[in-house]
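Here is a short tour of one protein chain, written with the bench in mind. Have a look at the sequence and the structure first, then read on.

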Amino acid sequence: MAEENLKTKGTEVEEETGFWNRLNIPLPERSTGLFRYIRDFFTCLEFLTRIRMTKREVWFPDDFARSVPYFPLVGGIMGALMWGASRVGALAGFSGNVLGVFLVLAELFFIGTLMYDGFMDTADGVFSGRTRERKLEIMQDSHVGANAVIGAIILILAKVTLLGSFPTAVLGPLLVAMYVVTRTLMVVYILLFPNARPGGLGEMFKTGGSPVYLPLALVLAAGILFYLGPVWCRLAVFSCVPCMALAFYLKWNLGGLTGDTFGFLTECGTVIVLFLAYYLFR
């Protein structure tokens with residue numbers, strides 16, 4: 001399927017500009033062998049972050065499905081970048097809410113607003129008090145409602161306050177653990193929950209997927225967390241309970257999950273991990 005066939009809401013493949021420029025590393029259209037795994041990794045990296053390193057003229061739906069096992073690894077890369085940002089903030093003398101604001105801005109720089117977009121769309125739909133069908137329609141609407149604005153404000157305030165509450169020695173590995181946990185949970189949402197509507201981002205990530213992707217992602221995440229230390233493994237397990245409960249609530253509310261709800265669950269998962277860590281390390 002050529003690039004133009006993927007231009008639907010939530011699945012756009014377009015040139016992007018910004019702080020991260022493409023290195024224009026060419027990749028074959030349909031890679032095999034080792035090159036296939038390299039292509040799949042870059043698909044995941046470029047979807048979940050603002051890093052743009054490759055140049056591809058043709059995209060296929062199964063490119064995205066095959067990138068799913070790499071979500072924990074890319075989460076670890078996100079965490080490493082944010083760990084570096086926390087060190088820079090500490091060296092600059094930032095602390096408390098000032099450091100929290102700096103890290104939220106760093107997240108926007110490295111990762112972008114994709115998850116925020118899904119969070120706001122879901123907040124508008126789920127909290128509208130309408131029928132299930134109408135909620136899904138609202139989530140597809142490009143206009144921003146009051147629920148989205150209020151939700152985004154609360155989300156950013158929570159992240160700023162919580163990120164500024166940890167000592168530097170704890171904050172670095174916490175950021176790695178947080179991004180690994182939330183991005184691994186995305187694999188669970190994608191592979192184990194039904195789609196609330198046909199088409200869109202959720203279905204695209206399922207197309208051409210394999211049941212083996214989930215255990216691969218879980219093993220990769222467990223390896224990263226085990227390397228960080230046992231305390232981060234415990235935090236991951238504790239965080240999964242409320243995150244999965246929220247996912248089941250959205251499934252009950254909408255009849256399944258969508259690409260927007262992945263963003264909502266990921267941002268809520270970020271706050272959940274930080275909140276639990278706050279009680280763990282206070």
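## Helix packing and inner spaces

H8 passes H12 in a right-handed crossing. This is a predicted model, so please read everything below in that light. The two helices, H8 and H12 (residues 259–281), pack at an angle of about 140°, and their axes are 9 Å apart. On the H8 side, the contact is made by Val170, Leu174, Met178, Val181, Thr182, Arg183, Met186, Tyr189 and Ile190. H12 answers with Phe262, Leu265, Thr266, Gly269, Thr270, Val273, Leu274, Ala277 and Phe281. Sorted by class, this contact holds 13 nonpolar, 4 polar and 1 charged residues.

Phe281 also takes part in an aromatic pair, with Trp232 as its partner. The pair is tilted, with 5.2 Å from centre to centre and 35° between the planes. Trp232 sits in helix H11 and Phe281 in helix H12, 49 residues apart, so the pair links distant parts of the chain. Across the whole structure, a search finds 13 aromatic pairs.

Next come the enclosed spaces. How many cavities of 30 Å³ or more does a search of the whole structure find? The search finds 3. Two of them are set side by side here.

| Cavity | Volume | Lining by class |
|---|---|---|
| Largest | about 60 Å³ | 5 nonpolar, 2 polar, 3 charged residues |
| Second largest | about 40 Å³ | 8 nonpolar, 1 polar, 2 charged residues |

The lining of the largest cavity includes Leu48, Glu107, Arg183 and Glu267. Helix H5 (residues 114–126) gives the largest share of that lining, 3 residues. Arg183 is also one of the H8 residues in the contact with H12.

Around the second largest cavity, the lining includes Met82, Glu107, Lys159, Met178, Thr270 and Leu274. Helix H4 (96–110), helix H7 (146–163), H8 and H12 each give two or more residues to it. Met178, Thr270 and Leu274 belong to the contact of H8 with H12 as well. Glu107 appears in the linings of both cavities.

H8 turns up once more at an open site, the second largest pocket, where it supplies the largest share of the lining, 5 residues. This pocket has a volume of about 200 Å³. Of its 13 lining residues, Thr184, Leu218, Ala221, Leu225 and Cys240 are the closest to the centre. Helix H8 (168–192), helix H10 (213–228) and helix H11 (230–254) each supply at least two residues of the lining. Which classes make up this lining? There are 12 nonpolar residues, 1 polar and no charged.

Note on methods
Residues numbered from 1 in each chain as written. Predicted model: local features only at pLDDT ≥ 70, side-chain atom pairs only at ≥ 80, totals over all residues. Heavy atoms only, no water. 1 Å grid on protein atoms, 1.4 Å probe; cavity = no way out; pocket = protein on both sides within 12 Å on 5 of 7 lines; lining within 4 Å. Points joined across faces, edges and corners; volume = space filled by probe spheres on them. Helix = DSSP H or I, 4+ residues; strand = E, 2+ residues; numbered from the N terminus. Nonpolar A, V, L, I, M, F, W, Y, C, P; charged D, E, K, R; others polar. Axes fitted to C-alpha atoms, helices over the stretch in contact; angles between N-to-C directions. Left-handed = near helix turned anticlockwise from the far one by under 90°. Contact = heavy atoms within 4.5 Å. Phe/Tyr/Trp six-rings, centres within 6.5 Å; stacked < 30°, edge-to-face > 60°.
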